[in-house]
Amino acid sequence: MRIDIISVVPDLLESPFNHSIMKRAQSRGLLEVHVHNLRDYTPYKQGQVDDYQYGGGAGMVMMPEPLAILIEKLKEEREYDEIIYMTPDGNLFEQKTANRLSLKNNLMIICGHYKGIDERIRQHFVTMEISIGDYVLSGGELAAAVVVDAIGRLIPGVLNDETSALFDSYQDNLLAPPVYTRPADFRGWVVPEVLLSGDPKKVDAWRHEEALKRTAERRPNLLEGE
Ligand code: 6GU
């Protein structure tokens, strides 16, 4: 999979993909992330990419021209499955969205800043709008990093234990059960005995029970299939 990210603060996206699982995905040739600095594509002076909004009001808007130039350049080079705009008024990003996007070949992600991007870019280029939650971030970059991470780890061959993504929280609408490692007795705080029983059936049943309990307590909406 190839992901092209358009940003006015590309430095924010330097580190997130260069560690751990995202690093492995790239070194295995399963994921390519390219970050583009929008200022390199503006036809205006001094790297200008934003301007006052028509109708007045506080806050700048990202101009359509630099975005159109870069989007069209990228579209000439390859066909994109989705052109995603990161915005707090987008559709809520969920595991099922990540699952679906992990099967694509080419994604473009536009990070918004200031008051957002000119509406005409949304109408004529963007195919999908994503928010990562009901709170406002100062730009789309951190949200884009979240989305790329959630998608990237699902690409076949990225995770070492191919089954492990299946047991993640949310894959089955359940939160994950508690986990423990050595020592079995830490300061008198002991690991539940069933986990030391060596009986995989009992362990599975316990984990499922705990997952249900945790979900009912913290996220009962998930159990109602919401
Ligand atoms: Cl995608 N962008 C911004 N700026 N804020 C957000 C968001 C995105 N998702 C939640 N809050």
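Two strands count as paired if DSSP finds at least two bridges between them. In this predicted model, strand β1 (residues 2-7) and strand β6 pass that mark with 5 bridges, and the pairing is parallel. One residue pair shows the register: D4 has M108 of β6 as its bridge partner.

**Strand β6 and its neighbours**

Strand β6 also pairs with β5, again in the parallel sense, and 5 bridges join the two. Here Y85 stands opposite I110 of β6. Strand β6 covers residues 106-111, and 6 of its 6 residues are buried, so the strand is largely enclosed by the rest of the structure. A residue counts as buried when its relative accessible area is under 20%. The side chains of β6 alternate in direction: N106, M108 and I110 point one way, while L107, I109 and C111 point the other way. Both sets are buried.

**The ligand site**

Strand β5 (82-92) also takes part in the shell around the ligand, as does β7 (128-131), and each of these strands supplies at least two residues. The largest share of the shell comes from β5, with 3 residues. The residues around the ligand are M86, T87 and P88, then I130, S131, I132 and G133, and further along the chain Y135, L137, G139 and A143. Sorted by class, this shell has 7 nonpolar and 4 polar residues, and no charged ones.

The polar contacts listed here run to nitrogen atoms of the ligand.

| Protein residue | Protein atom | Distance to a ligand nitrogen atom |
|---|---|---|
| S131 | polar side-chain atom | 3.4 Å |
| I132 | polar backbone atom | 2.9 Å |
| L137 | polar backbone atom | 3.0 Å |

On its own the ligand has 290 Å² of accessible area, and the protein covers 96% of it. I132 and L137 belong to the nonpolar class, but the atoms they bring to these contacts are polar atoms of the backbone.

**An aromatic pair**

How many aromatic pairs does the structure hold? The structure holds 1 such pair. A pair of aromatic rings is described by the distance of the centres and the angle of the planes. For F186 and W189 the ring centres are 5.5 Å apart and the planes stand at 75°, so the pair is edge-to-face. The cut-off behind this label is an angle over 60 degrees. As for accessibility, F186 counts as partly exposed at 40% relative accessibility. W189 has a relative accessible area of 56% and is therefore exposed, since the limit for that class is over 50%.

**Backbone features in the loops**

The loop between α5 (141-152) and β8 (185-186) contains P183. The peptide bond that leads from R182 to P183 is cis, with omega near 0°. N173 also has its place in the loop between α5 and β8. Phi of N173 is near 60°, a positive value in a residue other than glycine. Is N173 buried or partly exposed? At 34% relative accessibility, N173 counts as partly exposed.

Another positive phi in a residue other than glycine is found at Q46, where the angle is near 55°. Q46 sits in the loop between β2 (32-37) and β3 (50-52). With a relative accessible area of 81%, Q46 is exposed.

Definitions and conventions. Residues are numbered from 1 along each chain as its sequence is written. This is a predicted model: local features need pLDDT of at least 70, side-chain atom pairs count only at pLDDT 80 or more; totals for chains, interfaces and linings use all residues. Side-chain values use heavy atoms; hydrogens and water are left out. A residue is near a molecule or strand if one of its heavy atoms lies within 4 Å of it. A polar contact is a pair of N or O atoms within 3.5 Å; within protein, one must be able to donate a hydrogen and the other to accept it, and residues adjacent in sequence count only if both atoms are side-chain atoms. Accessible areas come from the Shrake-Rupley method with a 1.4 Å probe; for residues, only the protein chains shown count as cover. Helices (H or I, at least four residues) and strands (E, at least two) are DSSP runs, numbered from the N terminus. Rings of Phe, Tyr and Trp (its six-membered ring) pair if their centres lie within 6.5 Å; planes under 30 degrees apart count as stacked, over 60 as edge-to-face and the rest as tilted. Buried means under 20% relative accessible area, exposed over 50%, partly exposed in between (1.4 Å probe, protein chains only).
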